Amino acid sequence: GLNFIDLMVRQGNIDNPPKTPLVPGFECSGIVEALGDSVKGFEIGDRVMAFVNYNAWAEVVCTPVEFVYKIPDDMSFSEAAAFPMNFVTAYMMLFEVANLREGMSVLVHSAGGGVGQAVAQLCSTIPNVTVFGTASSFKHEAIKDSVTHLFDRNADYVQEVKRISTDGVDIVLDCLCGENTGKGLSLLKPLGTYILYGSSNMVTGETKSFFSFAKSWWQVEKVNPIKLYEENKVIAGFSLLNLLFKQNRGGLIKGVMDKLLNLYTNKKIKPVVDSLWALEEVKEAMQRIHDRGNIGKLILDVEKAPTPLMANDSTETSEAGEEEEDHEGDNE
């Protein structure tokens, strides 16, 4: 699976980026080829999906057993590669951090992306949850049914939200950072929760720019703890990769995955796959994410041959990729 964090890794916009040479990628799906001596619960030939601390974009991947999960029989390999990062991130923020309950309201940025679509689907499992979303206008037709109120990402969404809900919202999920931080806090109701889970506005241009990076952070409103206390607001941060690989919460994540797979089996949620790409097309695939052209998740498929159309036009969804989406073994 391709994620926005992969672009940040490529540009060095993360803490302690690993030294090169480096194989990127944090999630994958495939077939078990070998097991460690003490591994129980899995057999060679099992269809699985996994979190990986880098090295996921490869033909063969090795990862500790605690990060590996069996794929449901009716889930394709491409769906499985699109599942772990997006749905676990969305679930943890909504239910573990923000305590989403019936009748609440949620604002999510990049509503057409993988996490945004996962958030919208999970909100639909709770009665009477209102979802406000921002997205590029060309995505609105495709995602309009997944959110309650949809706004152009370049419009003044603060005024639009307040026009519909004068008190604001209960939960803000912010993957943009920059000037949106102050806007998100201003929209919170008393006892509302603002969660920063990314900073995609820091990825600008083709190469790392220190000045654009610094400018994004400079726009973050300095949060005054006294003001939080007076206004009864909660501000939080969430990083799934840190939780998994630095803070040793694999057991907690396994419990969340069990709940999510149960929701999938009961047809309450389903990963949205934007397109499939050959490994040779990773540059074009990452450009599509950079340009925010995707609706749902982009998948790298090690068995797929490059498609000339996709290589020439990164803004077009691959028809060839969609046709191949259900092939067994695509993403091993």
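Here are legends for five close-up views of this predicted model.

**View 1. A three-strand sheet, up close.**
Start with the small picture: three strands make an open sheet, lined up as β1-β2-β3 with antiparallel pairing. On the outside sit β1 (27-31) and β3 (68-70), each pairing on one side only. From one strand to its neighbour there's a turn of 25 degrees on average, direction ignored. Look for the link between β2 (residues 47-51) and β3: these two run antiparallel and are joined by three bridges. To spot one of the partners, find Ala50, which is bridged to Val68 in β3.

**View 2. Helices packed on the three-strand sheet.**
Two helices to look for here are α3 and α11. Helix α3 (residues 84-97) touches β1 and β2, and its direction is about 60 degrees from that of β2. Helix α11 (residues 250-265) touches β2 and β3 instead, making about 25 degrees with the direction of β3.

**View 3. A six-strand sheet with parallel pairing.**
Now for another open sheet, with six strands in the order β6-β5-β4-β7-β8-β9 and parallel pairing. At the edges you'll find β6 (149-152) and β9 (234-237); each has a single partner strand, so one side of each has no neighbour in the sheet. The twist averages 15 degrees from one strand to the next. Zoom in on β7 (residues 169-174) and β8 (residues 188-196), a parallel pair held over five bridges. Leu173 is a handy landmark, standing opposite Ile195 in β8.

**View 4. Helices α4, α6 and α7.**
Helix α4 (residues 114-123) lies across β4 (105-108), β5 (130-135) and β7, and runs at about 170 degrees to β4. Helix α7 packs on the six-strand sheet too, touching β4, β7, β8 and β9, with its direction about 150 degrees from that of β8. How do α6 and α7 sit together, and at what angle do they pack? Helix α6 (residues 157-164) and helix α7 (residues 180-187) pack at about 10 degrees, with axes 10 Å apart. An angle under 35 degrees counts as roughly parallel, so that's what α6 and α7 are. Where they meet, α6 brings Tyr157, Val158, Val161 and Lys162, while α7 brings Asn180, Lys183, Ser186 and Leu187. Sorted by class, that contact has four nonpolar, two polar and two charged residues.

**View 5. Two cysteines, buried or exposed?**
Cys28 has a relative accessible area of 14%, so it counts as buried. Cys175 is buried as well, at 10% relative accessibility. As for disulfides, a search of the whole structure turns up zero.

How values were computed: Residues numbered from 1 in each chain as written. Predicted model: local features only at pLDDT ≥ 70, side-chain atom pairs only at ≥ 80, totals over all residues. Heavy atoms only, no water. Pairing = 2+ DSSP bridges. Helix = DSSP H or I, 4+ residues; strand = E, 2+ residues; numbered from the N terminus. Axes fitted to C-alpha atoms, helices over the stretch in contact; angles between N-to-C directions. Contact = heavy atoms within 4.5 Å. Parallel < 35°, antiparallel > 145°, perpendicular 65-115°, else oblique. Nonpolar A, V, L, I, M, F, W, Y, C, P; charged D, E, K, R; others polar. Disulfide = S-S within 2.5 Å. Buried < 20%, exposed > 50% of the residue type's maximum accessible area, 1.4 Å probe, protein only.
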